[in-house]
Amino acid sequence: MSASSSRTQSRQRSETLDIESIYRNSRSRSTSTFPPADHFHHRQLWITEDGSPGENFVSAASVVTILSRSYKTYFKNLDDPSDTSFEAESHPATELEYPNANACETYYILAPKDPDHYNPIMCLEQSLYTIFECYLTPAQQALFGTLPTDFLQDVDNTPPSSPLTQFSGDSEELSPVKFPSYDPRGMNHLRLLQRSIRRRDGPLFLSTMQNINQLLRALKYPLLPSDPFTPASPNVLIEAIKGWPSSEIPNRVLMRIIDETYQRSVGPHALKLNRYEAFSSEVYGELMPSFTSDIIAATRLHKDSLFMDLGCGVGNVLVQASLETCCRSYGIEVMPTPAEVGREQLRQMKKRCRMWGLSMGEVELEEGDMLTSRRVTELLPQADVVLVNNKVFQQPLNEALRPRFLDLKEGAIVVSLKPFVSSLNARVTERNVDDISAIFDVFERPYRSGSVSWGSGGGSYYLHRVDREGYAVIKQQFENQRARSARASRR
C-alpha cells in the first residue's frame with residue numbers, strides 16, 4: 001500500500017508550459033492546436049440526490065479489517081490504564097459526517113505498523129480539514145475552531161478573549177441551524193482534536209469527534225420552519241458547492257476524493273497488481289493525479305468530451321477525468337487483476353462523489369484486448385482525447401496501434417509516453433509523406449519528478465493532434481511536384 005503515500009507526494013500541480021510544434025515544422029500554416037478555455041461550457045457540480053453510499057461500501061474501517069494484522073493500538077485512556085477499549089483487538093471506532101445528507105463513514109482509530117501503509121487517523125483528519133476549508137463559510141468555520149498550524153505545540157482550549165467565544169450563533173447565516181442540547185460552540189474543536197492525537201488521548205479524541213459531528217449534522221439538517229408553507233432550509237454544505245469559483249472542484253476536494261477512493265479500493269490490492277511478466281507490454285504502472293490534471297489541462301477536456309484510455313490499468317485516469325471535468329470516459333484493460341480492481345474503484349468513486357455531493361461523468365470499463373475490441377472500434381471515431389500509457393509497450397504493439405488512429409476525427413488528440421512518429425524533428429518528405437503518422441502534429445511536453453509510479457525522475461510525454469487538413473496541403477504540394485516531374489520527363 002506504499003503506492004498511496006507516493007501518490008500523495010505528487011499532488012502539487014505542475015506549472016503550465018507553452019506548447020511548441022516540433023514535427024512537420026516545414027509548414028507555413030499556423031499550428032495552433034487547442035481551442036481557447038472560454039470555448040467550454042460550465043458544468044453543474046452539485047447533485048440533488050441522497051448521499052448514502054448504499055450497499056457494498058468500502059469504508060476506512062473495512063480497509064483496516066481486511067489488513068488487521070498490519071495495524072496496532074494508537075490511543076489509550078490516560079485516566080484509566082486498565083481500560084482496554086482502545087486496544088487493536090477491540091476495534092475502537094469513530095465516525096465522520098460528510099457533506100451530503102445520510103453520508104457518514106466509520107473509521108477504526110488504529111495506526112499502521114508500517115508508516116507507508118494506509119493511516120485511518122490521518123485520513124480522517126485530512127477529510128475533516130477539507131470539509132472545513134472548502135464547504136464552510138468563515139462564520140461556520142468559527143463554530144469548529146481554527147486549523148492547527150503548529151503540530152508540535154500543545155494547544156489548550158481557546159482563551160476567553162478569542163473571537164470563538166465571542167461568536168454568537170444568532171446571526172442570520174446560522175439562524176435555521178439546530179444545535180444539540182449540549183451546545184459545542186465556543187470551543188476550538190480542531191485544536192482539541194490535534195491535541196488528543198498528539199497525546200494519544202482516546203476519550204478526548206472520541207468526545208471531540210462527537211462534538212464535531214454534532215455541528216456538521218446541525219449544518220446538514222437545518223431546523224424545519226414553523227410555517228408549513230415556508231420552504232425548508234437547504235443543506236448549507238451542499239449550497240457551498242454552488243459558490244465555488246468558475247464551477248470547478250477545488251483541488252483539495254478533488255485530490256481528497258481521489259485519495260479516499262484509491263486508498264480503500266486499490267491500496268489493499270497493491271501486491272496483486274505487481275504480479276506481471278517482466279519486460280512485457282503488461283508491466284503495470286500509474287500516472288499520478290497531478291500528471292493527470294496536467295494532461296486534462298493540456299488537452300482541454302470538458303464535459304462534452306469523450307476521453308479514451310487504451311490500457312487503463314485500474315482506471316485512475318478515467319475516474320479522475322470524469323470527476324474533474326464531468327466528461328464521458330471509456331477504458332479497456334487486458335490484464336484481469338487491474339481490470340477487476342478498476343471496476344471496484346469505479347463503484348467506490350461513484351459512492352464517494354455522492355457523499356461529497358458532487359457529480360461525475362459517465363465511465364465505461366471493458367476487460368479485453370484494445371486491438372480486437374469492437375467497442376474500441378465504435379468509439380475511436382468519436383473520441384476527443386485518447387491516452388496510451390505506452391512507456392513499456394513492446395514495439396509490435398505500438399506499431400499495431402498506429403493504423404487504429406486513422407479512424408480519429410479531425411482535431412482529436414492522442415496522448416502517449418512514447419511518440420507514435422518515427423522521428424520527432426523530421427520534415428515531411430517524399431519518402432515519408434504517405435506514412436500513417438503524417439496526419440499528426442506532435443508536441444513534446446515535460447513531466448516532472450513524481451509524476452509516474454515507475455520512476456522518481458521526470459521525462460516527456462507527447463500530444464499528437466490529428467490535422468488532416470494541414471497534411472492534405474502538404475501532400476498536395478508533393479503531388480504537384482510529382483506531376484511536374486512526370487511532365488518534364490515526357491518532354
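## Exercises on a predicted model

Cysteine 326 sits in the loop between α12 and β6. Its phi is positive, about 65°, although cysteine 326 is not a glycine. The model used here is predicted.

### Exercise 1: a second positive phi

Task: Find where histidine 91 is found, then decide how exposed it is.

Solution.
- Step 1. Histidine 91 is in the loop between β1 (71-72) and β2 (93-97).
- Step 2. Its phi is positive, about 50°, although histidine 91 is not a glycine.
- Step 3. Buried means under 20% relative accessible area, and exposed means over 50%. Histidine 91 has 34% relative accessibility, so it counts as partly exposed.

### Exercise 2: the span of a helix

Task: Check the span of helix α13 (residues 336-356) against its number of residues.

Solution.
- Step 1. Helix α13 has 21 residues.
- Step 2. The expected span is 1.5 Å times one less than the number of residues. For α13 that should be 30 Å.
- Step 3. The end C-alpha atoms of α13 are 30 Å apart, which agrees.
- Step 4. Look just past the helix. Glycine 357 follows α13, and its phi is positive, near 80°.

### Exercise 3: two helices that cross

Task: Describe how helix α9 (residues 251-265) and helix α12 (residues 316-325) cross, and name the residues that meet.

Solution.
- Step 1. Start with the two quantities needed. Two packed helices are described by the angle between their axes and the distance between the axes.
- Step 2. The axes of α9 and α12 come within 11 Å. They cross at roughly 145°.
- Step 3. The crossing of α9 with α12 is right-handed.
- Step 4. From α9 come Leu254, Met255, Ile257, Ile258 and Tyr262. They meet Asn316, Gln320, Leu323 and Glu324 of α12.
- Step 5. Sort this contact by class: six residues are nonpolar, two are polar and one is charged.

### Exercise 4: one residue of α9

Task: Is threonine 261 buried or exposed, and which residues does it touch?

Solution.
- Step 1. Threonine 261 lies in helix α9.
- Step 2. The cut-off for buried is under 20% relative accessible area. Threonine 261 has 1% relative accessibility, so it counts as buried.
- Step 3. Leave out residues up to four places away in sequence. Threonine 261 then touches Val266, Gln345, Gln348, Met349 and Arg352.
- Step 4. Compare sequence with space. Threonine 261 and glutamate 344 are 83 residues apart in sequence, and their C-alpha atoms are 9.7 Å apart.

### Exercise 5: reading the sheet

Task: Give the strand order of the open sheet of seven strands, then follow its pairing around β5.

Solution.
- Step 1. The order is β7-β6-β5-β8-β9-β11-β10, with mixed pairing.
- Step 2. β7 (363-367) and β10 (440-447) are at the edges. Each has a single partner strand, so one side of each has no neighbour in the sheet.
- Step 3. Neighbouring strands of this sheet are turned by 15° against each other on average, direction ignored.
- Step 4. Strand β5 (residues 306-310) pairs with β6 in the parallel sense over five bridges. Here phenylalanine 307 is opposite serine 329 in β6.
- Step 5. β5 also pairs with strand β8 (residues 385-388), in the parallel sense over three bridges. Here aspartate 309 is opposite leucine 387 in β8.
- Step 6. Five of the six residues of strand β6 (residues 328-333) are buried, so β6 is largely enclosed by the rest of the structure.
- Step 7. Add a helix. Helix α11 (residues 289-299) lies across β8, β9 (413-416), β10 and β11 (459-466), and runs at about 30° to β11.

Notes. Residues are numbered from 1 along each chain as its sequence is written. This is a predicted model: local features need pLDDT of at least 70, side-chain atom pairs count only at pLDDT 80 or more; totals for chains, interfaces and linings use all residues. Side-chain values use heavy atoms; hydrogens and water are left out. Helices (H or I, at least four residues) and strands (E, at least two) are DSSP runs, numbered from the N terminus. Axes are lines fitted to C-alpha atoms, for helices over the stretch in contact, and angles run from 0 to 180 degrees between N-to-C directions. A crossing is left-handed if the near helix is turned anticlockwise from the far one by less than a right angle, and right-handed if clockwise. Contact means heavy atoms within 4.5 Å. Ala, Val, Leu, Ile, Met, Phe, Trp, Tyr, Cys and Pro count as nonpolar, Asp, Glu, Lys and Arg as charged, and the others, Gly among them, as polar. Buried means under 20% relative accessible area, exposed over 50%, partly exposed in between (1.4 Å probe, protein chains only). Two strands pair if DSSP finds at least two bridges between them.
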